[in-house]
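Here is a short tour of one protein model. Please keep the sequence and the 3D view open while you read.

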Amino acid sequence: MKIKVINKSAFDLPQYETVSAAGMDVRANITESVIIKPLDRIIVPTGLFVELPEGHEIQVRPRSGLAAKLGITVLNSPGTIDPDYRGEIKVILVNLSHDEFELRPAERIAQFVFARFERVDWELTDKLSDTERGAGGFGSTGTK
């Protein structure tokens with residue numbers, strides 16, 4: 001699938017890092033480093049504007065290395081870029097570590113995963129069908 005994109009950043013377009021990767025790494029479009037203090041959040045521009053086909057979204061997800069090693073993650077994960085949005089894509093990052101984090105220009109900050117979605121119509125009812133699980137949730141099927 002081809003997606004129309006305007007790249008106003010000084011960096012290359014997001015790309016897949018391996019042949020089987022589901023997500024494309026996206027970079028911070030900043031001109032100088034920014035310090036993210038513990039528990040602070042910032043909105044990071046990417047310089048990217050897209051035109052998605054109807055029925056498709058971009059899911060903005062954390063990069064596992066930043067999250068696991070440094071405590072830097074996408075706050076509203078996964079964020080959604082809707083097909084009718086034409087503004088600059090920005091990423092909300094949060095520092096969940098105890099240390100300051102220096103975000104550098106062109107740093108890979110998140111992943112874009114392209115996905116189909118469906119819209120639904122609600123059908124109001126008084127009863128749902130029975131299942132083996134029923135209303136059990138939050139660990140009701142076991143923790144291991």
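The report below goes through the strands, the core, one core residue and a few backbone details.

**A note on the model**

This is a predicted model. Residues are numbered from 1 along each chain.

**Strands and their pairing**

Start with the open sheet. It has three strands, in the order β5-β10-β8, and the pairing is antiparallel. Its edge strands are β5 and β8, and each of these pairs on one side only. On average, neighbouring strands of this sheet are turned by 35 degrees against each other, direction ignored. Strands of a sheet pair through backbone hydrogen bonds, either parallel or antiparallel.

Within this sheet, look at β8 and β10. They pair in the antiparallel sense over three bridges. V74 stands opposite L93 in β10.

Now move to β12. Strand β3, residues 24-27, is joined to β12 by four bridges, and the two run antiparallel. R27 has R108 in β12 as its bridge partner. β7 also pairs with β12, in the antiparallel sense and over six bridges. There, R61 stands opposite Q111 in β12.

The table lists these three pairings.

| Strand pair | Sense | Bridges |
|---|---|---|
| β8 and β10 | antiparallel | three bridges |
| β3 and β12 | antiparallel | four bridges |
| β7 and β12 | antiparallel | six bridges |

**The largest nonpolar core**

Which residues touch the most other members of the largest nonpolar core? They are I58, V60, L93, L103 and I109, out of 22 residues in that core. Several strands feed this core. β6 (48-51), β7 (56-61), β8 (72-74), β10 (90-95), β11 (101-103) and β12 (108-116) each supply at least two of its residues. The largest share is three residues, and this share comes from β12.

**L103 up close**

L103 lies in strand β11. Is L103 buried or exposed? Its relative accessible area is 1%. Buried means under 20%, so L103 is buried.

What does L103 touch, apart from its neighbours within four places in sequence? Its contacts are A28, I30, E32, S33, V34, I36, I42, V44, L93 and I109. Two of these, L93 and I109, are also among the core residues that touch the most other members. V44 shows how far along the chain such a contact can reach. L103 and V44 are 59 residues apart in sequence, with their C-alpha atoms 9.6 Å apart in space.

**Backbone details in the loops**

Three loop residues deserve a look. The first is P78, which sits in the loop between β8 and β9 (79-81). The peptide bond from S77 to P78 is cis, with omega near -10 degrees.

Next comes L39. This residue is in the loop between β4 (34-36) and β5 (41-45). Its phi is near 70 degrees, a positive value in a residue other than glycine. L39 has 63% relative accessibility and therefore counts as exposed, since the cut-off for exposed is over 50%.

Last is A106, in the loop between β11 and β12. A106 is not a glycine either, yet it has a positive phi of about 70 degrees. Is A106 buried or exposed? At 19% relative accessibility, A106 counts as buried, because the cut-off is under 20%.

Key:
This is a predicted model: local features need pLDDT of at least 70, side-chain atom pairs count only at pLDDT 80 or more; totals for chains, interfaces and linings use all residues. Side-chain values use heavy atoms; hydrogens and water are left out. A nonpolar core is a set of buried Ala, Val, Leu, Ile, Met, Phe, Trp, Tyr and Cys residues joined through side-chain atoms within 4.5 Å. Buried means under 20% relative accessible area, exposed over 50%, partly exposed in between (1.4 Å probe, protein chains only). Contact means heavy atoms within 4.5 Å. Two strands pair if DSSP finds at least two bridges between them. Axes are lines fitted to C-alpha atoms, for helices over the stretch in contact, and angles run from 0 to 180 degrees between N-to-C directions.
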